[in-house]
Amino acid sequence: MVPISLLDLAPIIQGSTPGEALRRALDLARHAERWGYRRYWLAEHHNMTGIASAATSVVIAHIAGGTSTIRVGSGGVMLPNHAPLVIAEQFGTLESLFPGRIDLGLGRAPGTDPLTARALRRGDADTFPQDVMELQAYFRPAAAGQAVQAVPGAGLAVPIWLLGSSLFSAQLAAALGLPFAFAAHFAPDLLAEALEQYRSQFRPSASLGEPYSMAAVQVVGAESDANAQRLFTSLQQSFVRLRRGTPGPLPPPVDSMDGLWTSMEKAGVEQAFREAIVGSPATVKKGMDAFVRRTGIDELMVTGSIHDHAARLRSFEIIAGAS
């Protein structure tokens, strides 16, 4: 089995607070470290009342400060929302505080709705390739007389990943010789094509000699298939509400989704989550093994928001045991 990593959205459950969500995230990260997960990544989302990781670099510091060995990073920072210099300084600071443990995953989507994107004063996503290269330059050793430097940042080895759910970032990662992660946990349609293009077009770089790919999938484990399917209904409800434009805190699971979605909404959720692996320890292991064989990925990243924290911990423990 390939190395396994964890993507956390720091879910805010119904009846809870962002502070509680962040404390649960740290508890999960500590367990993940003991269970042998390679990375613990957090994602930038804004104006989402069910996600506590909007200030992603701050939460990364919270997680890295409470753990010892696991790599901690972004999955990802939405670069068009930020000046590359600011991100270089933030992640240079994180690398200075937690040397050898910080990853910088970059996305080119806003991570929010259009109105909130305007409130962020976000830049033009069309400049994403230039922004990535500018960010890379800030991490190189400063040249004599260089007018603008990232401090901390210059000369620090912060691995940069490109993230995507389409072909654009796969092609850019290949051209720049960077590792690539595909978001199959919510947008699996172009998974195979993106991985193929990344591998076939890859150009070695100073930071990476051969292509290195990762894919994220939803995985929910429990003692039985039926129990796992019930836990999974929290994610299904949350996705339906997101598609309706009414996102909110993560709801508790239900015995049946009947009456909670239309036939069209059900089809949309099943399409978005078609790579999801949900079931008992045996089902989870079988599904993960099959996904890795089919895709040929070098690393698997799992995610799964579960309403009950103890059940969530058990799910990720099952996943670790299956890897």
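This passage describes two pockets and one helix in a predicted model.

The largest pocket holds about 1200 Å³ of space. Its lining comprises 50 residues. Closest to the pocket centre are Leu9, His45, His185, Phe186 and Leu242. Several elements each give two or more residues to this lining. The strands among them are strand 3 (71–78), strand 5 (160–164), strand 6 (180–182), strand 7 (213–221) and strand 9 (299–303). The helices are helix 6 (168–176) and helix 8 (225–243). By class, the lining of the largest pocket has 26 nonpolar, 21 polar and three charged residues.

The second largest pocket holds about 450 Å³. It is lined by 19 residues. Gln136, Val158, Ile160, Leu178 and Ser207 lie nearest its centre. Two or more lining residues come from each of helix 5 (128–139) and strand 5. Strand 5 also gives two or more residues to the lining of the largest pocket. The lining of the second largest pocket divides into 13 nonpolar, four polar and two charged residues.

Helix 3 covers residues 84–97. At 1.5 Å a residue, its 14 residues should span 20 Å. The C-alpha atoms at its ends are 20 Å apart, so the model agrees with the expected span. The buried residues of helix 3 are Pro84, Ile87, Ala88, Phe91, Gly92, Leu94 and Glu95. These residues cover an arc of only 160° around the axis, and therefore lie on the same side of helix 3. They pack against helix 2 (56–65), strand 3, strand 4 (102–107) and helix 5. Of these partners, strand 3 also contributes to the lining of the largest pocket, and helix 5 to that of the second largest pocket.

Methods. Residues numbered from 1 in each chain as written. Predicted model: local features only at pLDDT ≥ 70, side-chain atom pairs only at ≥ 80, totals over all residues. Heavy atoms only, no water. 1 Å grid on protein atoms, 1.4 Å probe; cavity = no way out; pocket = protein on both sides within 12 Å on 5 of 7 lines; lining within 4 Å. Points joined across faces, edges and corners; volume = space filled by probe spheres on them. Helix = DSSP H or I, 4+ residues; strand = E, 2+ residues; numbered from the N terminus. Nonpolar A, V, L, I, M, F, W, Y, C, P; charged D, E, K, R; others polar. Expected span 1.5 Å × (residues − 1). Buried < 20%, exposed > 50% of the residue type's maximum accessible area, 1.4 Å probe, protein only. Arc of directions from axis to C-beta. Contact = heavy atoms within 4.5 Å.
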